[in-house]
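Here is a short briefing on one protein chain and its ligand. Look over the sequence and the model first, then read on.

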Amino acid sequence: MSAIEVSSADASSTHRLAAALAKECRRGDCVLLRGDLGAGKTTFARGFIQALQSSPDEVVSPTFTLVQTYPARDGNTIWHFDLYRLKNADEVAEIGLDEALQDGITLIEWPELVQSQLPEDVLDVTIVMDGHPDRRRFTFTGSSRWQARLNTLKEKL
Ligand SMILES: Nc1ncnc2c1ncn2[C@@H]1O[C@H](COP(=O)(O)OP(=O)(O)OP(=O)(O)O)[C@@H](O)[C@H]1O
Ligand SMILES: [Mg+2]
């Protein structure tokens, strides 16, 4: 396992951090976003998607739709899930989780309910509030598959 910690001073700093990670991601990658309500998971996802998307579609929170997809400039599809309102783990088949994991770049808010259906090679991103109202601490944890990319991410920041 490989882990890095990064501090973010405000939402735009979180956007930059997410964009830097997005540029290291490729087809088949899955990023889990963990943290309390309002921690900044959707804010991070917005920065990530905006860095890759091929058209300037608004990035909305998939709170009620559970999933939103966005085409990326390189032909990939970015899948953004918010599973807070998922009723049971079987429902994810209907909203395309398997397809996302195989063919897309996947971001998942509230992944706990589907943990057993996820690959081992996910990147885990945990966001915690850090004193000042706008400050957040990000911990990125991934298998060895992520190590080189986490090192690159650290150098970029
Ligand atoms: N450093 C920061 N990083 C991210 N968001 C921040 C930061 N500072 C302030 N914010 C604000 O905190 C709020 C985070 O809301 P967001 O919807 O991203 O949270 P969430 O974790 O997705 O919540 P939910 O669990 O309800 O989906 C936004 O209003 C954002 O502007
Ligand atoms: Mg959210």
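A polar backbone atom of aspartate 10 sits 3.1 Å from a nitrogen atom of ligand 1. The model is predicted. The points below cover the ligand site, the salt bridges and the cysteines.

**Ligand 1: contacts and burial**

- Glutamate 109 brings a polar side-chain atom to 3.2 Å from an oxygen atom of ligand 1.
- Arginine 136 also uses its side chain: an N or O atom there is 3.2 Å from an oxygen atom of ligand 1.
- Ligand 1 exposes 650 Å² when taken alone, and the protein buries 72% of that.

**Ligand 1: the surrounding shell**

- Three elements each give two or more residues to the shell: helix H1 (11–22), helix H2 (41–52) and strand S7 (132–142).
- H2 supplies the largest share, three residues.
- The shell around ligand 1 holds 17 residues, and those that come nearest are Thr14, Lys41, Thr42, Thr43 and Asp134.
- By character, the shell residues split into seven charged, six polar and four nonpolar.

**Salt bridges: lysine 156 and glutamate 24**

- The whole structure contains nine salt bridges.
- One of them joins lysine 156 to glutamate 24, with the closest N and O atoms 3.0 Å apart.
- Lysine 156 belongs to helix H5 (residues 144–156) and glutamate 24 to the loop between H1 and strand S2 (30–34), so this pair ties together parts 132 residues apart in sequence.
- The two partners differ in burial class: lysine 156 is partly exposed at 42% relative accessible area, whereas glutamate 24 counts as buried at 17%.

**Salt bridges: aspartate 29 and arginine 149**

- Aspartate 29 and arginine 149 meet through their side chains in a salt bridge, 2.8 Å from N to O.
- This pair links distant parts of the chain, 120 residues apart: aspartate 29 is in the loop between H1 and S2, and arginine 149 is in helix H5.
- Aspartate 29 is buried, with a relative accessible area of 0%.
- Arginine 149 is buried as well, at 6%.
- Both residues belong to a salt-bridge network that links Asp29, Asp121, Arg145 and Arg149.

**Salt bridges: aspartate 124 and arginine 34**

- A salt bridge of 2.9 Å, N to O, connects the side chains of aspartate 124 and arginine 34.
- Here strand S6 (residues 123–130) provides aspartate 124 and strand S2 provides arginine 34; the two residues are 90 apart in the chain.
- Aspartate 124 is buried, with 17% relative accessible area.
- Arginine 34 counts as buried too, at 17% relative accessibility.

**Cysteines**

- How many disulfides does a search of the whole structure find? The search finds zero.
- Cysteine 25 is in no disulfide, and the nearest cysteine sulfur, that of cysteine 30, lies 10.0 Å away.
- Why is there no bond from cysteine 30? Its closest cysteine sulfur, in cysteine 25, is 10.0 Å away and therefore too far for a bond; a disulfide needs the two sulfur atoms within 2.5 Å.
- Are these cysteines buried or exposed? Cysteine 25 is buried, with a relative accessible area of 10%, and cysteine 30 is buried, with 2%.

Key
Residues are numbered from 1 along each chain as its sequence is written. Chains are lettered from A and ligands numbered from 1 in the order in which they are written. This is a predicted model: local features need pLDDT of at least 70, side-chain atom pairs count only at pLDDT 80 or more; totals for chains, interfaces and linings use all residues. Side-chain values use heavy atoms; hydrogens and water are left out. Buried means under 20% relative accessible area, exposed over 50%, partly exposed in between (1.4 Å probe, protein chains only). A residue is near a molecule or strand if one of its heavy atoms lies within 4 Å of it. A polar contact is a pair of N or O atoms within 3.5 Å; within protein, one must be able to donate a hydrogen and the other to accept it, and residues adjacent in sequence count only if both atoms are side-chain atoms. Accessible areas come from the Shrake-Rupley method with a 1.4 Å probe; for residues, only the protein chains shown count as cover. Helices (H or I, at least four residues) and strands (E, at least two) are DSSP runs, numbered from the N terminus. Ala, Val, Leu, Ile, Met, Phe, Trp, Tyr, Cys and Pro count as nonpolar, Asp, Glu, Lys and Arg as charged, and the others, Gly among them, as polar. A salt bridge is a side-chain nitrogen of Lys or Arg within 4 Å of a carboxyl oxygen of Asp or Glu.
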